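Let's take a walk through this structure together, starting from the inside and working outwards. Have the model open as you read, and follow along residue by residue.

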Amino acid sequence: RFSTWYPFGVAKCCYVVAQYLVMAPVVVHGAYRVMNKGWGDIDLAYSLILPSLALRMIHNQIWISLSRYQTARSKHRIVDRDIEFEQVDRERGWDDQIVFNGLLFYVGYLAMPSVRRFPLWRTDGAVATALLHAGPVEFLYYWFHRALHHHFLYSRYHSHHHASIVTEPITSVIHPFGEHIVYFTLFAIPMLSTVYMGNGSALVFVLYIVYIDFMNNMGHCNFELVPKWMFQVFPPLKYLMYTPSFHSLHHTQFRTNYSLFMPFYDYIYSTMDKASDELYESSLKGTEETPDLVHLTHMTNLQSAYHLRVGFASIASKPSDNSEWYMWTLWPLAWLSMVVAWIYGSSAFVVERIKLKKMKMQTWVVPRYNFQYGLTWDRESINDLIEKAILDADVRGVKVLSLGLLNQVTNPYFKNSYCRGT
C-alpha cells in the first residue's frame, strides 16, 4: 500500500507547495514593508488580501461539509443519483481559483495606488456595487453563459463544468482556465468601477466576494434549502435570487436557466425552465427514504473524522493510514469535534447514502471513538446509542442492520454480524 500511494503523495505535496507558493510575493512584500517602516506602513486593503483568502477557503469548506451531510440524510435531495469518482477527482482542486484570484487582487493593488487609501466602508460604494452587479454583471454573464452552450465553445470549455450532473457546492468553481479569466473580469466590473468613481471601500470588496461565493455554493447544492416563506414575504425575490433546484435544472436540461444568481434575465428572454417552480415545490416537500440496509459503525481515531465524506476531500479519498503533511494543524479541530460529539451526540447520524442497483444502503455513525469504547463508565451510554439506532431502524422498516467494528462487541444482545430490523 505504501509503495502504491507514495508517488501520489509526493506529487500531491509538491503540487500543494507550488500552488500556494505563488502567493509568496504577497508575504515577502509585507515582511519587507514591516521591517523597513513598521506595521504602520501596512494599509487596510493590503492587510485583507491573505485573510480574505483564508476566509473564502473556510467558507467553501463549510458549504462542502454541510452539503455532503445534508445529501446523505436530507429528504430534500434534488437529483437522486450518487456522485461518481471521476467527479470527486475532477473537483479536487477547488481552491485553485481562490489562490489565482488572490494573486490577481495583489496585482491590482500594485497597479492602482488609490486602493491603498481605501476606507473601511462607504455606503454609496455598496449601493453602486449592488446596482452594477444586478445590471452589467448579471446581463453580460447571461449572454456569455448562453454563448458557452453553443456547441463550439461547449465542447472545448463549458462541458468540463457540466460533466457534474449531480452538483456539489465546489462544482461552481470547476471551470477551464479561460472561463475563470472571463468570470473574474465580470466580477471585477463593480469593484473597478467604484475604484474609479472614488467610492470604493475595503469591506464592500470583501462582502461582494463573500456574496459571490455564498450564492455560487448555495446554488450548486443538491438539496433545496431556500424556504418558501422568503418568496411569500417578498414576491419579487423570485426574480432576484435563484434556488438550488433552479440551477439544478440547468445541469440536467442544459438549455434553460442560464442566469447567474438572478433569474430575472431568464424571464425576460424566455429561457426559464417551465419545471422550475414544480421542482422547487417537490424538492422542498421532499421524499423520505427507507433504506434496505443500514451499516452501523463508529469513528476510529481522531483523524478518522476527516475521512468521512463530510470532511476534507483530499483526505477522505485516501487510505486512513496515509496522512497529509498538514494533518498536525488539524488536531485542535479534531479534539473539538470529539468533545462536541461526546457532549451533544445523542444519536447515530447518517454520513453516506448509496444505491447498489435496487438496494438502498445507508451508513450510520455512532458519535464515539475507539478509545471511548474502552472506557467502562462510558459503556452504558454507548450501548444506549447502539440500541437507539437499532430501534430507529426497526421503526423505519429497515430490512437488514449490520453492526460494524466495536458495536458488535459492546452490545451483548446483538453480537451477530447482522440482525433483522424486526
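A good place to begin is the interior, where the largest nonpolar core has 47 residues. The residues with the most contacts inside this core are Y46, I49, W94, V115, F187, M218 and M241. Two or more core residues come from each of α3 (44-47), α4 (49-73), α6, α7, α9 (177-197) and α10 (202-219). Among these elements, α10 gives the largest share, with 6 residues. Do keep in mind throughout that this is a predicted model.

Let's look at one of those contributors, helix α6, in detail. Helix α6 covers residues 96-111, and at 1.5 Å a residue its 16 residues should span 22 Å. The end C-alpha atoms of α6 are 23 Å apart, which agrees with that expectation. Which residues of α6 are buried? They are Q97, I98, V99, F100, N101, G102, Y106, G108 and Y109.

It helps to set this beside the annotation. An unreviewed UniProt entry places the feature "transmembrane region" at residues 12-32, 44-66, 98-115, 127-144, 181-210 and 330-351. We can compare two of these stretches with the model. Over residues 98-115 the chain is 78% helix and 0% strand, with end C-alpha atoms 20 Å apart. Over residues 127-144 the chain is 100% helix, again with 0% strand, and here the end C-alpha atoms are 25 Å apart.

Now turn to the surface. Here F139, L140, W143, W229, V233, F234, Y239, L240, F264, I268 and Y269 form a nonpolar patch, with about 1000 Å² of accessible area together. The elements that give two or more residues to this patch are α7 (123-148), α11 (228-233), α12 (237-240) and α14 (264-268). Helix α7 supplies the largest share of the patch, 3 residues. For a single example, pick out V233, which sits in helix α11. Is V233 buried or exposed? Its relative accessibility is 64%, so V233 counts as exposed, the cut-off being over 50%.

Finally, let's follow the charges. Side chains of opposite charge can pair when their charged atoms come close. In this model the count comes to 12 salt bridges. One of them joins the side chains of K355 and D80, with N and O 2.8 Å apart. K355 lies in strand β2 (residues 349-356) and D80 in the loop between α4 and α5 (85-90), so this pair ties together parts that are 275 residues apart in sequence. K355 is partly exposed, with a relative accessible area of 31%, and D80 counts as partly exposed too, at 41% relative accessibility.

Strand β2 takes part in another pairing as well: E289 forms a salt bridge with R353, the closest N and O atoms being 3.6 Å apart. This pair also links distant parts of the chain, for E289 is in the loop between α15 (276-285) and β1 (293-298), while R353 is in strand β2, 64 residues apart. Both E289 and R353 are buried.

Another salt bridge brings D124 and R122 together, with their closest N and O atoms 2.6 Å apart. D124 is partly exposed at 36% relative accessibility, and R122 is partly exposed at 31%. To finish the tour, find R33, D41 and D43, which are linked in a network of salt bridges.

Methods. Residues are numbered from 1 along each chain as its sequence is written. This is a predicted model: local features need pLDDT of at least 70, side-chain atom pairs count only at pLDDT 80 or more; totals for chains, interfaces and linings use all residues. Side-chain values use heavy atoms; hydrogens and water are left out. Patches are made of residues with over 30% relative accessible area and no salt bridge: like charges are joined within 9 Å, nonpolar side chains (Val, Leu, Ile, Met, Phe, Trp, Tyr) within 5 Å. Accessible areas come from the Shrake-Rupley method with a 1.4 Å probe; for residues, only the protein chains shown count as cover. A salt bridge is a side-chain nitrogen of Lys or Arg within 4 Å of a carboxyl oxygen of Asp or Glu. Helices (H or I, at least four residues) and strands (E, at least two) are DSSP runs, numbered from the N terminus. Buried means under 20% relative accessible area, exposed over 50%, partly exposed in between (1.4 Å probe, protein chains only). UniProt positions are given in the numbering used here, feature names are shortened, and annotations may be inferred rather than shown by experiment. The expected span of a helix is 1.5 Å times one less than its number of residues. A nonpolar core is a set of buried Ala, Val, Leu, Ile, Met, Phe, Trp, Tyr and Cys residues joined through side-chain atoms within 4.5 Å.
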